[in-house]
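Work through the following exercises with the structure at hand. Each task is followed by a solution in steps.

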Amino acid sequence: WESAPAVEPDVLGRQVMAVEGLRDQRLLYSLSYNLGATWTPAKVVPTHEHEPPRYLRSGGAGGNVSGDVAPPDAHAVWSPVLHSDPATGRMHLFYSESTRCWRPTEPSTWEPGGDIKLMTIDDVGADGAVWSSPRTLLPESAGGIPGVIANKLETMPSGEWVLPYWRE
């Protein structure tokens with residue numbers, strides 16, 4: 001599931017809320033071995049461990065300042081879609097990662113969508129199971145508009161996979 005962090009309260013203790021698009025937004029997973037009666041503690045999917053910080057060149061549109069802007073090292077990740085391949089037992093995690101739509105607001109936020117990415121894991125419940133490095137399937141730069149997913153992957157009669165997405 002997607003975890004939207006809470007905004008820190010102000011000095012009077014107000015404004016405690018969850019906000020999507022913050023740099024601490026993560027994807028979490030938990031497992032059940034008894035059809036959902038109990039669940040393991042949630043773990044963070046390591047979507048950001050494999051990438052160096054990036055810098056954006058902003059051009060003044062949308063309230064951005066001109067010059068180089070250093071966005072937070074972590075980018076918001078959105079709309080997780082899981083697919084278990086019955087032929088291999090491999091779990092596939094598709095998600096969107098905001099990479100170009102950083103808003104220099106207070107607090108800083110990212111717009112929904114971005115690059116559509118994939119990570120996989122074999123034997124998800126086994127000790128020592130490791131997620132693959134993220135792989136970009138469709139970069140936002142391919143159309144200039146962030147990609148968003150939220151619908152389940154469909155397997156066609158031919159065996160091909162179709163992952164619906166839209167641009168926002």
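**Exercise 1. State what share of contacts between residues at least 6 apart in sequence joins residues at least 24 apart.**

Solution. Take contact as heavy atoms within 4.5 Å. Among contacts in the protein chain between residues at least 6 apart in sequence, those joining residues at least 24 apart make up 46%.

The model is predicted: local features need pLDDT of at least 70, side-chain atom pairs count only at pLDDT 80 or more, and totals for chains, interfaces and linings use all residues. Residues are numbered from 1 along each chain as its sequence is written, and side-chain values use heavy atoms, with hydrogens and water left out.

**Exercise 2. Count the helices and strands, and give the share of buried residues.**

Solution. Helices (H or I, at least four residues) and strands (E, at least two) are DSSP runs numbered from the N terminus. On this basis the protein chain has 15 strands and zero helices. Next, buried means under 20% relative accessible area, exposed over 50%, and partly exposed in between (1.4 Å probe, protein chains only). Of the 168 residues in the protein chain, 35% are buried.

**Exercise 3. Find the aromatic pair and place its two residues in the fold.**

Solution. Rings of Phe, Tyr and Trp (its six-membered ring) pair if their centres lie within 6.5 Å; planes under 30 degrees apart count as stacked, over 60 as edge-to-face and the rest as tilted. Searching the whole structure gives one aromatic pair. Tyr29 and Trp131 form it, at 5.5 Å centre to centre with 75° between the planes, which is edge-to-face. Tyr29 lies in strand 2 (residues 26-29) and Trp131 in the loop between strand 10 (115-121) and strand 11, so the pair ties together parts 102 residues apart in sequence. Tyr29 is buried at a relative accessible area of 16%, and Trp131 is buried at 9%.

**Exercise 4. List the residues of the largest nonpolar core.**

Solution. A nonpolar core is a set of buried Ala, Val, Leu, Ile, Met, Phe, Trp, Tyr and Cys residues joined through side-chain atoms within 4.5 Å. The largest one has 10 residues: Leu27, Tyr29, Leu31, Val45, Val77, Leu93, Tyr95, Met119, Ile121 and Trp131. At least two residues of this core come from each of strand 2, strand 7 (91-97) and strand 10. A separate second core has seven residues, among them Ile116, Leu118, Ile149 and Leu163.

**Exercise 5. Is Glu140 buried or exposed, and where does Glu140 lie?**

Solution. Glu140 lies in the loop between strand 11 (135-138) and strand 12 (147-148). With a relative accessible area of 3%, Glu140 is buried. Leaving aside neighbours within four places in sequence, the contacts of Glu140 include Arg100, Asp115 and Arg167.
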